[in-house]
Amino acid sequence: WFDEALATNALGPSAMTLATISETGRPSAHIVLLKGISNDRFYFYTNYQSQKGKELEINPACALTFFWPELERQVRVSGFTERATAKESDEYFQSRPRGSQVGAWASPQSVVIKDRALIEARAKEIEEKYKNDKVLPRPKQWGGYAVSPVEIEFWQGRASRLHDRILYTLRDKKWTINRLGP
């Protein structure tokens, strides 16, 4: 389905909603980008000190939702996160445009700031600091997460709200498949 979303030029096919849970049990959701699927895990990258990063450190349970309205399709993933390896995070960081690398250094993500000028000043400082370097090092507070799914639901919109819902559930290292009522 992801390949079909790419082929149809769906808006933001790699955008997914990441749902996390705070230490008080309050849910929160953020849009992040899928940056790869490897070893049956979904990868995204962020600031470890962000709200979502802090919540995942406390409780690694999460949910991902992809929605492609052009195709009337949704994929929901429930699972558990662990940090990507330093090597994986370094490799992805180096593949990012320089401006995005600078942004990762400059942004105190999820922290209250006085105004935008703070971020712009920090970005200028980072640019100056690394002006002679082709490659910026990855900030220690930034990296990837790998989501290992335990449940994946595929939803296909149908006429008269008689949608198809197929649920894959991982139990004892085997996937079971069930159809759900719409």
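Colleague: What share of the contacts in the protein with a separation of 6 or more comes from residues 24 or more positions apart?
Modeller: First, this is a predicted model, where local features need pLDDT of at least 70 and side-chain atom pairs count only at pLDDT 80 or more, while totals for chains, interfaces and linings use all residues. Residues are numbered from 1 along each chain as its sequence is written, and side-chain values use heavy atoms, with hydrogens and water left out. A contact means heavy atoms within 4.5 Å. For contacts with a separation of 6 or more, the share from residues 24 or more positions apart is 59%.

Colleague: How many helices and strands does the protein have?
Modeller: Both are DSSP runs numbered from the N terminus: H or I with at least four residues for a helix, E with at least two for a strand. Read along the sequence, the pattern is α-β-β-β-β-α-β-β-α-α-α-β-β-β. Tallied up, that secondary structure comes to five helices and nine strands.

Colleague: What percentage of the residues is buried?
Modeller: Let's pin down the words: buried is under 20% relative accessible area, exposed is over 50%, and partly exposed is in between, using a 1.4 Å probe and protein chains only. The protein has 182 residues, and the buried part of them is 36%.

Colleague: Within what arc do the buried residues of helix 2 fall, seen down its axis?
Modeller: Helix 2 spans residues 51-58, and its buried ones are Lys52, Gly53, Glu55 and Leu56. What covers them includes strand 1, strand 2 and strand 4, along with strand 5, strand 6 and strand 7. The arc is that of the directions from the helix axis to the C-beta atoms. The buried residues line one face of helix 2, because they fall within an arc of 165°.

Colleague: Which exposed residues sit on the face of helix 3 turned away from its buried side?
Modeller: Start with the buried side of helix 3 (residues 86-95), made up of Ser89, Tyr92 and Phe93. These three cover an arc of only 105° around the axis, so they lie on the same side of helix 3. They pack against strand 4, helix 4 and strand 7. The face turned away carries the exposed residues Lys87 and Ser95.

Colleague: Which side chains of strand 1 point to one face and are buried?
Modeller: Side chains in a regular strand alternate between the two faces of the sheet. In strand 1, Ala15, Thr17, Ala19 and Ile21 point to one face and are not buried. Pointing to the other face, and buried, are Met16, Leu18 and Thr20.

Colleague: Which residue of strand 2 is the bridge partner of Thr20?
Modeller: Two strands pair if DSSP finds at least two bridges between them. Strand 1 and strand 2 run antiparallel and are joined by seven bridges. Their hairpin has five residues between the strands, and Gly25 there takes a positive phi near 90°. Across from Thr20, the bridge partner in strand 2 is Ser28.

Colleague: And which residue of strand 5 stands opposite Thr17?
Modeller: Strand 1 also runs antiparallel to strand 5, with three bridges joining them. In that pairing, the residue opposite Thr17 is Thr65.

Colleague: Which residue in the turn between strand 8 and strand 9 has a positive phi?
Modeller: Strand 8 (residues 164-171) and strand 9 (residues 174-180) run antiparallel, joined by seven bridges. Here Leu167 stands opposite Asn178. The two strands form a hairpin with two residues between them, and the one in the turn with a positive phi of about 50° is Asp172.
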